[in-house]
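The following exercises concern a single protein chain. Each consists of a task and a solution in steps.

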Amino acid sequence: LQMRKDNIDRYEELDSNIIIKFPDKIGEKITSALRGENNLDSMEIIPLLDQDCRSFVVNIGLERFKATLMDLPCIIEGQKTLDHKTFFKSADMSQLLYVHENQQGVNFADFDPYKHDHEFIRNIVKKTGPKKYELRSGLTPPTFNVRETR
């Protein structure tokens, strides 16, 4: 999104929507920071320039994680509210950023999720081929294994 400098003053807030799946340990830290229970120093998402443009590095405080941009099996409609009564559509999301848990004994630079993250391969994705970036299931229980049942 590119905007001229004089137009920026007219917008109080620009919406940006992203779905991110964190490992449980990191998800708990982020949840408690959002509740105000602890302080999260910083979070940064950096794209890596690889041939498929789906690899990222996520920095949370002093910890670094690799992440992969995955295609959801269904389009998710994001909604927003200002008064907790009226909701309006704010975005359509069709991708999820999957943050991989750091594996013991594997150098960060050498980490490949398709070789080292066994939970990711076993439960989350189709294994190989041109559709290796498609998730098997959606975000809710009714969309479990939805790609196989369609």
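Buried denotes under 20% relative accessible area, exposed over 50%, and partly exposed in between (1.4 Å probe, protein chains only). The model is predicted: local features need pLDDT of at least 70, side-chain atom pairs count only at pLDDT 80 or more, and totals for chains, interfaces and linings use all residues. Residues are numbered from 1 along each chain as its sequence is written, and side-chain values use heavy atoms, with hydrogens and water left out.

**Exercise 1. Accessibility of one residue**

Classify glutamate 148 as buried, partly exposed or exposed.

Solution. Step 1: locate the residue; glutamate 148 is found in helix 5 (residues 146-149). Helices (H or I, at least four residues) and strands (E, at least two) are DSSP runs, numbered from the N terminus. Step 2: apply the cut-offs; with a relative accessible area of 49%, glutamate 148 is partly exposed. Step 3: relate it to serine 137, which is 11 residues away along the chain; the two C-alpha atoms are separated by 8.8 Å.

**Exercise 2. The faces of helix 2**

Determine which residues of helix 2 (residues 24-34) are buried and how they are arranged about the axis.

Solution. Step 1: the buried residues are Ile26, Ile30 and Ser32. Step 2: viewed down the axis of helix 2, these residues fall within an arc of 165°, so they line one face of the helix. The arc is that of the directions from the helix axis to the C-beta atoms. Step 3: on the other side of helix 2, Asp24 and Glu28 are exposed. Step 4: the cover over the buried residues includes strand 2 (43-47), strand 3 (55-60) and strand 4 (63-81), where contact means heavy atoms within 4.5 Å. Step 5: glycine 36, with a positive phi near 85°, follows helix 2.

**Exercise 3. Topology of the sheet**

State the strand order of the sheet and identify which strands stand at the edges.

Solution. Step 1: two strands pair if DSSP finds at least two bridges between them. Step 2: the sheet is open, has 5 strands in the order 1-5-4-3-2, and shows mixed pairing. Step 3: strand 1 and strand 2 are at the edges, each with a single partner strand, so one side of each has no neighbour in the sheet. Step 4: strand 1 pairs with strand 5 (residues 87-99) in the parallel sense over 2 bridges, and lysine 21 stands opposite tyrosine 98 in strand 5. Step 5: strand 4 and strand 5 pair in the antiparallel sense over 11 bridges; leucine 69 has leucine 97 as its bridge partner in strand 5. Their hairpin has 5 residues between the strands, and histidine 84 there takes a positive phi near 65°. Step 6: strand 2 and strand 3 are antiparallel over 5 bridges, with phenylalanine 56 in strand 3 as the bridge partner of proline 47.

**Exercise 4. Salt bridges**

Find which residues are joined into one network by salt bridges that share partners.

Solution. Step 1: a salt bridge is a side-chain nitrogen of Lys or Arg within 4 Å of a carboxyl oxygen of Asp or Glu; by this rule there are 4 salt bridges. Step 2: one of them joins aspartate 71 and arginine 54 (3.1 Å, N to O). Aspartate 71 lies in strand 4 and arginine 54 in the loop between strand 2 and strand 3, so this pair ties together parts 17 residues apart in sequence. Step 3: glutamate 77 forms a salt bridge with lysine 89, the closest N and O atoms being 3.8 Å apart. Step 4: aspartate 92 also forms a salt bridge with lysine 89, at 3.1 Å between the closest N and O atoms. Step 5: the shared partners join Glu77, Lys89 and Asp92 into one network.
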